[in-house]
Amino acid sequence: MFTIVLALVLILSSQTEAQLQVNFYRNTCPNAESIIRLEVQRAFFRDTGIAPGLVRMHFHDCFVRGCDGSILIKSTPGNSAEEDGPPNSGTLRGFEAIENAKARLEQECRGVVSCADILAYAARDSIVISGGLGWDVPAGRRDGRISRAAETIDIPAPFNNLDEATRAFAKKGLSSDDMVALLGAHTIGRSHCTSFSNRLYNFSPTNSQDPSLDPLYAIQLKQQCPRGPNGNVDPNAVVFMNISPTRSENSYYVDVLKNRGLFTSDQTLTTSPDTLSEVRDYARNNIKWQVDFSEAMIKMSQVEVLTGNAGEIRLNCRAINP
(Lines give C-alpha, C1' and ligand atoms only; values in the text may rest on other atoms or scores of the structure.)
Protein backbone atom coordinates (compact mmCIF):
# COMPACT_ATOMS: atom_id res chain seq x y z
CA MET A 1 0.00 0.00 0.00
CA PHE A 2 2.81 2.40 0.93
CA THR A 3 4.53 1.73 -2.40
CA ILE A 4 1.34 2.53 -4.31
CA VAL A 5 0.77 5.77 -2.40
CA LEU A 6 4.40 6.82 -2.86
CA ALA A 7 4.19 6.11 -6.59
CA LEU A 8 1.01 8.20 -6.83
CA VAL A 9 2.68 11.10 -5.00
CA LEU A 10 5.64 10.98 -7.37
CA ILE A 11 3.35 10.89 -10.42
CA LEU A 12 1.30 13.85 -9.20
CA SER A 13 4.49 15.73 -8.33
CA SER A 14 5.97 15.17 -11.79
CA GLN A 15 2.68 16.24 -13.42
CA THR A 16 2.65 19.48 -11.41
CA GLU A 17 6.26 20.20 -12.28
CA ALA A 18 5.63 19.36 -15.93
CA GLN A 19 2.99 22.09 -16.07
CA LEU A 20 5.73 24.66 -15.44
CA GLN A 21 7.88 25.30 -18.48
CA VAL A 22 11.06 27.17 -19.26
CA ASN A 23 10.32 30.00 -21.74
CA PHE A 24 6.67 29.77 -20.76
CA TYR A 25 5.93 33.28 -22.08
CA ARG A 26 7.86 33.04 -25.36
CA ASN A 27 4.66 33.38 -27.41
CA THR A 28 2.31 35.25 -25.09
CA CYS A 29 4.74 37.84 -23.68
CA PRO A 30 8.20 37.35 -25.24
CA ASN A 31 9.79 40.33 -23.46
CA ALA A 32 8.63 39.28 -20.00
CA GLU A 33 11.96 38.06 -18.65
CA SER A 34 13.94 41.01 -20.01
CA ILE A 35 11.44 43.50 -18.54
CA ILE A 36 11.66 41.87 -15.10
CA ARG A 37 15.46 41.69 -15.30
CA LEU A 38 15.70 45.39 -16.13
CA GLU A 39 13.48 46.38 -13.21
CA VAL A 40 15.56 44.25 -10.83
CA GLN A 41 18.72 45.91 -12.13
CA ARG A 42 17.25 49.39 -11.71
CA ALA A 43 16.17 48.62 -8.17
CA PHE A 44 19.54 47.06 -7.32
CA PHE A 45 21.51 50.07 -8.53
CA ARG A 46 19.38 52.26 -6.27
CA ASP A 47 19.71 49.88 -3.32
CA THR A 48 21.86 46.73 -3.35
CA GLY A 49 19.76 45.36 -0.50
CA ILE A 50 16.93 44.75 -2.95
CA ALA A 51 18.65 41.59 -4.26
CA PRO A 52 18.64 39.63 -0.99
CA GLY A 53 15.23 41.10 -0.27
CA LEU A 54 13.74 39.58 -3.43
CA VAL A 55 15.41 36.21 -2.82
CA ARG A 56 14.04 36.15 0.73
CA MET A 57 10.60 37.20 -0.44
CA HIS A 58 10.47 34.34 -2.96
CA PHE A 59 11.63 31.92 -0.26
CA HIS A 60 8.99 33.10 2.21
CA ASP A 61 6.32 33.02 -0.48
CA CYS A 62 7.02 29.39 -1.37
CA PHE A 63 6.83 28.21 2.25
CA VAL A 64 3.26 29.49 2.69
CA ARG A 65 0.68 27.96 0.33
CA GLY A 66 3.44 27.32 -2.18
CA CYS A 67 4.94 29.72 -4.73
CA ASP A 68 1.72 31.58 -5.52
CA GLY A 69 2.65 35.22 -4.96
CA SER A 70 0.45 35.40 -1.86
CA ILE A 71 3.22 37.15 0.07
CA LEU A 72 2.70 40.17 -2.18
CA ILE A 73 -0.94 40.71 -1.14
CA LYS A 74 -1.45 43.67 1.17
CA SER A 75 -3.36 43.38 4.41
CA THR A 76 -6.87 44.82 4.49
CA PRO A 77 -9.10 45.86 7.39
CA GLY A 78 -10.66 42.41 7.24
CA ASN A 79 -7.50 40.33 6.77
CA SER A 80 -3.98 40.32 8.14
CA ALA A 81 -1.91 39.05 5.20
CA GLU A 82 1.41 37.20 5.05
CA GLU A 83 3.41 40.42 4.81
CA ASP A 84 2.34 41.17 8.39
CA GLY A 85 3.08 37.72 9.80
CA PRO A 86 5.82 37.57 12.49
CA PRO A 87 8.66 36.47 10.13
CA ASN A 88 7.80 39.20 7.59
CA SER A 89 6.39 42.18 9.42
CA GLY A 90 8.45 45.27 8.66
CA THR A 91 11.30 43.26 7.12
CA LEU A 92 10.25 42.55 3.53
CA ARG A 93 12.05 44.43 0.75
CA GLY A 94 11.57 44.54 -2.99
CA PHE A 95 7.87 45.24 -3.41
CA GLU A 96 8.61 48.25 -5.60
CA ALA A 97 10.68 46.21 -8.04
CA ILE A 98 7.86 43.68 -8.41
CA GLU A 99 5.24 46.42 -8.79
CA ASN A 100 7.30 48.28 -11.41
CA ALA A 101 7.84 45.10 -13.39
CA LYS A 102 4.13 44.25 -13.18
CA ALA A 103 3.11 47.72 -14.37
CA ARG A 104 5.34 47.44 -17.43
CA LEU A 105 4.17 43.90 -18.15
CA GLU A 106 0.53 44.96 -17.98
CA GLN A 107 1.26 47.59 -20.63
CA GLU A 108 3.06 45.03 -22.79
CA CYS A 109 0.74 42.02 -22.39
CA ARG A 110 -2.21 42.63 -20.08
CA GLY A 111 -3.32 39.82 -17.81
CA VAL A 112 -0.67 37.35 -18.96
CA VAL A 113 2.28 37.22 -16.52
CA SER A 114 1.55 36.15 -12.96
CA CYS A 115 2.98 37.89 -9.93
CA ALA A 116 4.24 34.52 -8.67
CA ASP A 117 6.31 34.12 -11.85
CA ILE A 118 7.59 37.70 -11.62
CA LEU A 119 8.86 36.93 -8.12
CA ALA A 120 10.52 33.69 -9.24
CA TYR A 121 12.28 35.45 -12.12
CA ALA A 122 13.27 38.37 -9.89
CA ALA A 123 14.86 36.04 -7.33
CA ARG A 124 16.95 34.43 -10.07
CA ASP A 125 17.96 37.82 -11.46
CA SER A 126 18.89 39.01 -7.97
CA ILE A 127 21.34 36.14 -7.56
CA VAL A 128 22.86 36.83 -10.97
CA ILE A 129 23.29 40.55 -10.32
CA SER A 130 25.00 39.64 -7.03
CA GLY A 131 27.57 37.53 -8.87
CA GLY A 132 25.93 34.11 -8.67
CA LEU A 133 25.02 31.60 -11.33
CA GLY A 134 21.76 31.95 -13.19
CA TRP A 135 19.28 29.22 -14.05
CA ASP A 136 16.36 28.68 -16.39
CA VAL A 137 13.19 29.43 -14.44
CA PRO A 138 10.27 27.08 -15.12
CA ALA A 139 7.19 29.32 -15.28
CA GLY A 140 3.43 29.09 -15.60
CA ARG A 141 2.50 29.69 -11.97
CA ARG A 142 -0.86 31.21 -11.19
CA ASP A 143 -1.49 33.64 -8.35
CA GLY A 144 -3.19 32.64 -5.13
CA ARG A 145 -6.14 34.54 -3.71
CA ILE A 146 -5.53 33.76 -0.04
CA SER A 147 -2.89 35.35 2.20
CA ARG A 148 -3.00 34.88 5.96
CA ALA A 149 -0.47 36.11 8.50
CA ALA A 150 -1.17 33.14 10.76
CA GLU A 151 0.11 30.72 8.12
CA THR A 152 3.60 32.23 8.13
CA ILE A 153 4.32 29.82 10.98
CA ASP A 154 5.42 27.44 8.21
CA ILE A 155 8.43 29.63 7.39
CA PRO A 156 11.65 28.23 8.94
CA ALA A 157 12.75 30.44 11.82
CA PRO A 158 16.25 31.79 12.54
CA PHE A 159 16.16 30.20 16.00
CA ASN A 160 15.38 26.68 14.71
CA ASN A 161 17.68 23.83 15.65
CA LEU A 162 18.66 21.29 13.00
CA ASP A 163 15.72 18.94 13.57
CA GLU A 164 13.21 21.79 13.47
CA ALA A 165 14.72 23.28 10.31
CA THR A 166 14.90 19.91 8.59
CA ARG A 167 11.24 19.22 9.36
CA ALA A 168 10.18 22.63 8.04
CA PHE A 169 11.94 21.99 4.73
CA ALA A 170 10.72 18.39 4.53
CA LYS A 171 7.13 19.62 4.95
CA LYS A 172 7.58 21.35 1.58
CA GLY A 173 9.21 18.35 -0.08
CA LEU A 174 12.72 19.73 0.28
CA SER A 175 15.55 17.48 1.46
CA SER A 176 18.29 18.12 3.97
CA ASP A 177 20.67 18.59 1.02
CA ASP A 178 18.32 21.21 -0.44
CA MET A 179 18.21 22.97 2.92
CA VAL A 180 21.98 23.19 3.30
CA ALA A 181 22.34 24.59 -0.22
CA LEU A 182 19.45 27.05 0.13
CA LEU A 183 20.69 28.44 3.46
CA GLY A 184 23.71 29.68 1.51
CA ALA A 185 21.46 32.54 0.39
CA HIS A 186 22.39 34.06 3.75
CA THR A 187 25.67 35.06 2.15
CA ILE A 188 23.92 38.23 0.94
CA GLY A 189 21.85 40.81 2.73
CA ARG A 190 21.33 41.90 6.29
CA SER A 191 19.36 40.85 9.34
CA HIS A 192 17.52 42.63 12.11
CA CYS A 193 19.29 42.23 15.43
CA THR A 194 16.12 40.85 16.98
CA SER A 195 16.47 37.72 14.80
CA PHE A 196 19.57 36.59 16.71
CA SER A 197 19.86 38.74 19.86
CA ASN A 198 18.79 35.73 21.93
CA ARG A 199 22.27 34.36 21.21
CA LEU A 200 23.93 37.44 22.69
CA TYR A 201 22.04 38.12 25.90
CA ASN A 202 20.59 35.79 28.55
CA PHE A 203 21.04 32.79 26.29
CA SER A 204 20.43 30.26 29.05
CA PRO A 205 20.55 29.96 32.83
CA THR A 206 24.19 28.87 32.57
CA ASN A 207 25.42 30.94 29.60
CA SER A 208 24.95 34.65 29.02
CA GLN A 209 25.64 34.10 25.31
CA ASP A 210 25.47 31.15 22.93
CA PRO A 211 28.66 29.10 23.47
CA SER A 212 28.57 28.02 19.82
CA LEU A 213 29.12 31.64 18.77
CA ASP A 214 32.70 32.81 18.19
CA PRO A 215 33.49 35.09 21.17
CA LEU A 216 35.08 37.85 19.09
CA TYR A 217 32.14 37.79 16.70
CA ALA A 218 29.79 38.01 19.67
CA ILE A 219 31.60 41.15 20.87
CA GLN A 220 31.22 42.70 17.40
CA LEU A 221 27.52 41.85 17.27
CA LYS A 222 26.90 43.27 20.75
CA GLN A 223 28.47 46.55 19.62
CA GLN A 224 26.13 46.62 16.63
CA CYS A 225 23.12 45.41 18.60
CA PRO A 226 23.36 46.96 22.07
CA ARG A 227 20.60 46.64 24.62
CA GLY A 228 18.76 49.80 25.54
CA PRO A 229 17.83 51.00 29.03
CA ASN A 230 14.84 48.66 28.97
CA GLY A 231 17.11 45.69 28.31
CA ASN A 232 15.81 45.19 24.78
CA VAL A 233 17.58 45.46 21.44
CA ASP A 234 16.41 48.15 19.02
CA PRO A 235 13.95 46.37 16.68
CA ASN A 236 15.13 48.54 13.79
CA ALA A 237 18.86 47.79 14.21
CA VAL A 238 20.39 45.67 11.45
CA VAL A 239 23.72 44.00 10.67
CA PHE A 240 25.15 42.52 7.50
CA MET A 241 24.92 38.76 7.14
CA ASN A 242 28.68 38.47 6.50
CA ILE A 243 31.71 40.39 5.24
CA SER A 244 30.53 40.41 1.61
CA PRO A 245 26.79 41.11 1.87
CA THR A 246 26.39 42.06 -1.80
CA ARG A 247 28.25 39.07 -3.29
CA SER A 248 26.61 35.72 -3.87
CA GLU A 249 29.41 33.27 -3.05
CA ASN A 250 30.35 30.59 -0.55
CA SER A 251 31.70 32.77 2.29
CA TYR A 252 28.59 31.88 4.32
CA TYR A 253 29.90 28.33 4.73
CA VAL A 254 33.37 29.57 5.69
CA ASP A 255 31.72 31.68 8.39
CA VAL A 256 29.69 28.73 9.70
CA LEU A 257 32.88 26.66 10.06
CA LYS A 258 34.39 29.53 12.07
CA ASN A 259 31.34 29.62 14.39
CA ARG A 260 30.31 32.89 12.80
CA GLY A 261 26.93 31.77 11.52
CA LEU A 262 24.59 34.62 12.39
CA PHE A 263 21.45 32.62 13.17
CA THR A 264 21.00 29.53 15.30
CA SER A 265 19.64 27.87 12.15
CA ASP A 266 22.94 28.67 10.41
CA GLN A 267 25.29 27.42 13.09
CA THR A 268 23.20 24.32 13.72
CA LEU A 269 24.44 22.93 10.39
CA THR A 270 27.63 21.93 12.22
CA THR A 271 25.75 19.69 14.69
CA SER A 272 25.30 16.75 12.33
CA PRO A 273 28.10 14.86 10.53
CA ASP A 274 26.12 14.88 7.28
CA THR A 275 25.32 18.59 7.17
CA LEU A 276 28.79 19.48 8.48
CA SER A 277 30.33 17.50 5.63
CA GLU A 278 28.27 19.47 3.11
CA VAL A 279 29.20 22.77 4.75
CA ARG A 280 32.88 21.83 4.42
CA ASP A 281 32.41 20.87 0.76
CA TYR A 282 30.75 24.17 -0.05
CA ALA A 283 33.32 26.16 1.92
CA ARG A 284 36.03 24.60 -0.26
CA ASN A 285 34.21 24.72 -3.58
CA ASN A 286 32.25 27.83 -4.56
CA ILE A 287 31.18 26.41 -7.95
CA LYS A 288 29.75 23.27 -6.33
CA TRP A 289 27.64 25.41 -4.03
CA GLN A 290 26.53 27.69 -6.87
CA VAL A 291 25.37 24.72 -8.96
CA ASP A 292 23.63 22.98 -6.06
CA PHE A 293 22.02 26.24 -4.95
CA SER A 294 20.63 26.85 -8.45
CA GLU A 295 19.18 23.34 -8.57
CA ALA A 296 17.65 23.71 -5.10
CA MET A 297 16.12 27.06 -6.07
CA ILE A 298 14.48 25.48 -9.12
CA LYS A 299 13.09 22.73 -6.91
CA MET A 300 11.85 25.14 -4.26
CA SER A 301 10.23 27.38 -6.88
CA GLN A 302 7.92 24.51 -7.81
CA VAL A 303 6.56 23.86 -4.33
CA GLU A 304 2.74 23.58 -4.34
CA VAL A 305 2.36 25.80 -7.40
CA LEU A 306 -1.01 26.73 -8.88
CA THR A 307 -1.26 26.04 -12.62
CA GLY A 308 -3.84 25.64 -15.36
CA ASN A 309 -7.13 27.19 -14.28
CA ALA A 310 -6.30 27.38 -10.58
CA GLY A 311 -5.91 30.78 -8.94
CA GLU A 312 -5.75 33.85 -11.15
CA ILE A 313 -3.41 36.23 -12.94
CA ARG A 314 -3.45 39.25 -10.67
CA LEU A 315 -3.65 42.63 -12.40
CA ASN A 316 -2.16 44.24 -9.30
CA CYS A 317 0.32 42.14 -7.34
CA ARG A 318 -0.67 43.80 -4.08
CA ALA A 319 -4.37 42.89 -4.27
CA ILE A 320 -6.50 40.03 -5.51
CA ASN A 321 -8.65 40.69 -8.55
CA PRO A 322 -12.14 42.06 -7.84
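Axes here are lines fitted to C-alpha atoms, for helices over the stretch in contact, and angles run from 0 to 180 degrees between N-to-C directions. Keep that in mind for the first stop, and remember throughout that this is a predicted model.

**Stop 1: α11 and α12**

Select residues 273-284, helix α11, together with residues 286-300, helix α12. Two packed helices are described by the angle between their axes and the distance between the axes. For α11 and α12 the angle is about 115° and the axes lie 5 Å apart. Now show side chains: Asp281, Tyr282 and Arg284 make the contact from α11, and Asn286, Lys288, Trp289 and Asp292 make it from α12. Colour them by character and you will find 2 nonpolar, 1 polar and 4 charged residues.

Stay with α12 for a moment. Its 15 residues should span 21 Å at 1.5 Å a residue, and the C-alpha atoms at its ends are indeed 21 Å apart. Which residues of α12 are buried? Pick out Trp289, Gln290, Asp292, Phe293, Ser294, Ala296, Met297 and Met300. The elements that cover these buried residues include α3, α5, α7, α9 (251-257) and α11.

Before leaving, step into the segment after α12 and click on Glu304. Glu304 is not a glycine, yet it has a positive phi of about 50°. With a relative accessible area of 41%, Glu304 is partly exposed.

**Stop 2: α4 and its buried face**

Next, select residues 95-108, helix α4. This helix has 14 residues and reaches 20 Å from its first C-alpha to its last, close to the 20 Å expected at 1.5 Å a residue. Highlight Phe95, Ala97, Ile98, Ala101, Lys102, Leu105 and Glu106, which are buried. Then turn the view so that you look down the axis of α4: the buried residues fall within an arc of 160°, so they line one face of the helix. An α-helix has 3.6 residues a turn, so residues three or four places apart point the same way. What do the buried residues of α4 pack against? Bring up α2 (32-46), α3 (50-62) and α5 (115-129) to see the partners.

**Stop 3: α2**

Of those partners, take α2 and colour it on its own. Helix α2 has 15 residues and reaches 22 Å from its first C-alpha to its last, close to the 21 Å expected at 1.5 Å a residue. Its buried residues are Ala32, Glu33, Ile35, Ile36, Glu39, Val40, Ala43 and Phe44. Among the elements covering them are α3, α4 and α5.

**Stop 4: Ala122 in α5**

Move on to helix α5 and centre on Ala122. Is Ala122 buried or exposed? At 1% relative accessibility, Ala122 counts as buried. Set your contact list to skip neighbours within four places in sequence, and Ala122 is in contact with Ile36, Val40, Leu54 and Ile98. Ile36 and Val40 are among the buried residues of α2 you have just coloured, and Ile98 is one of the buried residues of α4. Draw a distance from Ala122 to Leu54: 68 residues separate them in sequence, while their C-alpha atoms are 6.6 Å apart.

For a counterpart, select Ser208, in the loop between β1 and α8 (215-224). Its C-alpha is separated by 50 Å from that of Gly140, and these two residues are 68 residues apart along the chain. Leaving aside neighbours within four places in sequence, Ser208 is in contact with Leu200, Tyr201, Asn202 and Phe203.

**Stop 5: Arg65**

Go to the loop between α3 and α4 and select Arg65. Arg65 has a positive phi of about 60° although it is not a glycine. Its relative accessible area is 31%, which makes Arg65 partly exposed.

**Stop 6: two annotated positions**

Finish with two residues flagged in a UniProt record. An unreviewed UniProt entry places the feature "binding site" at His186. You will find His186 in the loop between α7 (176-182) and β1 (190-192). His186 is partly exposed, with a relative accessible area of 22%. Which residues touch His186, beyond its neighbours within four places in sequence? They are Met241, Tyr252, Phe263 and Asp266.

The UniProt annotation "binding site", again from an unreviewed entry, also covers Pro156. Look for Pro156 in the loop between α5 and α6 (162-170). Pro156 has a relative accessible area of 18% and is buried, because buried means under 20%. Not counting residues up to four places away in sequence, Pro156 touches Phe59, Phe63, Ala168 and Phe169.

How values were computed
Residues are numbered from 1 along each chain as its sequence is written. This is a predicted model: local features need pLDDT of at least 70, side-chain atom pairs count only at pLDDT 80 or more; totals for chains, interfaces and linings use all residues. Side-chain values use heavy atoms; hydrogens and water are left out. UniProt positions are given in the numbering used here, feature names are shortened, and annotations may be inferred rather than shown by experiment. Helices (H or I, at least four residues) and strands (E, at least two) are DSSP runs, numbered from the N terminus. Buried means under 20% relative accessible area, exposed over 50%, partly exposed in between (1.4 Å probe, protein chains only). Contact means heavy atoms within 4.5 Å. Ala, Val, Leu, Ile, Met, Phe, Trp, Tyr, Cys and Pro count as nonpolar, Asp, Glu, Lys and Arg as charged, and the others, Gly among them, as polar. The expected span of a helix is 1.5 Å times one less than its number of residues. The arc is that of the directions from the helix axis to the C-beta atoms.
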